[in-house]
Each structure stands twice: as C-alpha cells, then as structure tokens.
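Visitor: Could you walk me through this one and tell me what the labels rest on?

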Amino acid sequence: MKNRVAIITGAAMGLGFAAAKELASEGMDLVLVDYNDKSLNDAQVELEKDFPAVKIITIVADVSNEEAVKNYVDETVKVFGRIDALYNNAGIEGKQAGMTEYDVDVFKKVIDINLMGVYYGMRYVIPVMQEQKYGRIVNVASVGGIRGVLNQTPYVASKHAVSGMTKNAALEYGRDGILTNAIAPGAILTPMVAEAFKQVNPEDPQAAETEYAQRNPTKRLGKPEEVAKLVAFLLSEDNGYVSGQTIAVDGGESNIYGNS
Ligand code: NAD
C-alpha cells in the first residue's frame, strides 16, 4: 500500500493504534487523529521508530467537533494531496447504567462522539474520495451495533446508527469507487475494555475479565492486532467488492443464544 494515505481517528491507543501499526507495516502513509495529545505524540514516536520509511503526521482533534473534523481532512489534503482510506474508529463507551437512570448529558456525549463523529468523518472525506474515484472506509461499530447490551443504551444506539450509516454510504457512493464497511468487535483487550472491567468489578477487575472471557467460544478476549488485520484488508485495494457490511470480530460470540 505504498503511496496510499490513511486517516485513523482515535489513533493514540487501542484499536486505532493497532491499525496504525498494521497499515504502517504495509507501507501506508498515516494521518493520526486523537484528542489525547500526549498519547498521540507517544504513538507517533513509536511508529516512526518502527517504520522509518512511512510518513506520519498527527492532528489533535475532537471528532465530535465538526470544524475540527473539516480541519483534519483539509490538513491531510494539503500535506498528502489525497485520502485513500478512512478508519473512523474514535469512540467512547459512556457509563454503565440502566436506561431510565442514564445521565442525559453522558448520553448526548456518547451520541456526539460515536455517531456524529463518524458522520462528520464521512461527510468531509467522501468528497475527496469522489474526486479520486477511489476510497475505502471502515467505521467502527460493535457487537453492540448488532445486539443489545445491558446498561449501555446510548452506546448501543450509537453503534446501530454507525451500522446504518455504513449501509447508506455504501449505497450512495459505490458508483464513485468508494467501498464502506463497519466492523463489530466483541471484547477486545484495549484501555477502553480494561476500564469497563473496573466499572463492573472495582475490587477485582481481573475477575470480571476472566469471567467475561469464559462466555466466548474461544474462552479468551480478542487482541487489537487481530482486529487490525481485518481492517487493513477492508481498507486496501484487495477489497474490491465488499461494501455495506457490518462484520463481527468477536470469536463467534454474537451467535450464542442461551447457554453454551
Ligand atoms: P480506547 O479507549 O482504548 O481508545 C480510543 C481512542 O480514541 C483513545 O486514544 C481516545 O483518546 C480516542 N478518542 C475518544 N474519543 C475521541 C474523540 N471525541 N475525538 C478524538 N479521539 C477520541 O478504545 P478502543 O477499545 O480502542 O475502541 C476504539 C473503537 O472501537 C471505539 O469506537 C469503540 O467503541 C470500538 N469498540 C471497541 C471494542 C473493544 O472491545 N475494545 C468493542 C467494540 C467496539
């Protein structure tokens, strides 16, 4: 993927950083976007050390801010002149609470980041891809974008919306050579999931993790690198005809009904 350019949001850690490593290993130039400037800088330093031939820029931006998104897209075009791939990955989980007790401000924040952030990314990147007559987009949904998840109403709502917007982008822009898909990770061990285990069992997060892993057919959590391999394929020219799909990366867990 030499001379190809990818934007990754939420690139400083977790799934975004793992994808950055995978795409860099395939020679793609990278635009790393995150609102955590310290971690973003650490990510750039590590990637530049491991992949000296790859050109990497970082842009501090909150994806829920439309102007900031427009700016990261403009900046990418200014520096690289094109955008081949968008990994629309930045997202937050919010708090764990029942639907009727959920803090409305947190609810709106989850929607602003997970839904509007993904929308703004596509809104400003797609016109650039249309000009090129080529583009690949991967939006990050979740198993919570396919099924309900107890105590996570805004997260589930936002991730179903991501899956829905993905279908529309595929319908509306396939004619321009733009293929858009979503991924639906299950429990992948990233800082976000480590934090969720702390909320579930503040005394013993490791016990919460071990118990959770037992539900999965593979009896383990997923690794960020395992998600990155699929993302790299969907963002490459090797993907010629997969579009509008929400693909689970969950060790098969979303197929369980009842006990197993
Ligand atoms: P993480 O918290 O480990 O990393 C997320 C990164 O996104 C962080 O660097 C954070 O600073 C950044 N970010 C968050 N909000 C942002 C914003 N408004 N603007 C810019 N940057 C922002 O999370 P993760 O586990 O790597 O999750 C990445 C994506 O994958 C999220 O959309 C999440 O919902 C989704 N997901 C993760 C899992 C999992 O098991 N880890 C499962 C399903 C879906």
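Here is a short talk about helix pairs, a ligand site and two loop residues.

Guide: First, a caveat: this is a predicted model, where local features need pLDDT of at least 70, side-chain atom pairs count only at pLDDT 80 or more, and totals for chains, interfaces and linings use all residues. Residues are numbered from 1 along each chain as its sequence is written, and side-chain values use heavy atoms, with hydrogens and water left out.

Visitor: Why are helix 1 and helix 8 called oblique to each other?

Guide: Helix 1 (residues 14-25) and helix 8 (residues 224-234) pack at about 55°, their axes 8 Å apart. Angles under 35 degrees count as roughly parallel, over 145 as roughly antiparallel, 65 to 115 as roughly perpendicular and the rest as oblique. Helix 1 and helix 8 are therefore oblique. Axes here are lines fitted to C-alpha atoms over the stretch in contact, with angles running from 0 to 180 degrees between N-to-C directions.

Visitor: Which residues make helix 1 meet helix 8?

Guide: From helix 1 come G14, L15, A18, A19, E22 and L23, and from helix 8 P224, E225, V227, A228, K229, V231 and A232. Contact means heavy atoms within 4.5 Å. By class, that is nine nonpolar, one polar and three charged residues; Ala, Val, Leu, Ile, Met, Phe, Trp, Tyr, Cys and Pro count as nonpolar, Asp, Glu, Lys and Arg as charged, and the others, Gly among them, as polar.

Visitor: And what makes helix 6 roughly perpendicular to helix 7?

Guide: The axes of helix 6 (residues 191-200) and helix 7 (residues 205-214) come within 8 Å and cross at roughly 110°. That makes helix 6 roughly perpendicular to helix 7. F197, K198 and V200 of helix 6 touch P205, A208, E209 and Y212 of helix 7.

Visitor: How do you know that T190 has a polar contact with the ligand?

Guide: A polar contact with the ligand is a pair of N or O atoms within 3.5 Å. A polar side-chain atom of T190 lies 2.4 Å from a ligand oxygen atom, so the pair fits the definition. The backbone joins in too: a polar backbone atom of I188 is 2.7 Å from a ligand oxygen atom, and a backbone N or O atom of N89 lies 2.8 Å from one.

Visitor: What is notable about phi of K133?

Guide: Phi of K133 is near 60°, a positive value in a residue other than glycine. K133 sits in the loop between helix 4 (104-132) and strand 5 (135-140). N151 also has a positive phi, near 65°, and lies in the loop between strand 5 and helix 5 (153-173).

Technical notes:
Helices (H or I, at least four residues) and strands (E, at least two) are DSSP runs, numbered from the N terminus. A polar contact is a pair of N or O atoms within 3.5 Å; within protein, one must be able to donate a hydrogen and the other to accept it, and residues adjacent in sequence count only if both atoms are side-chain atoms.
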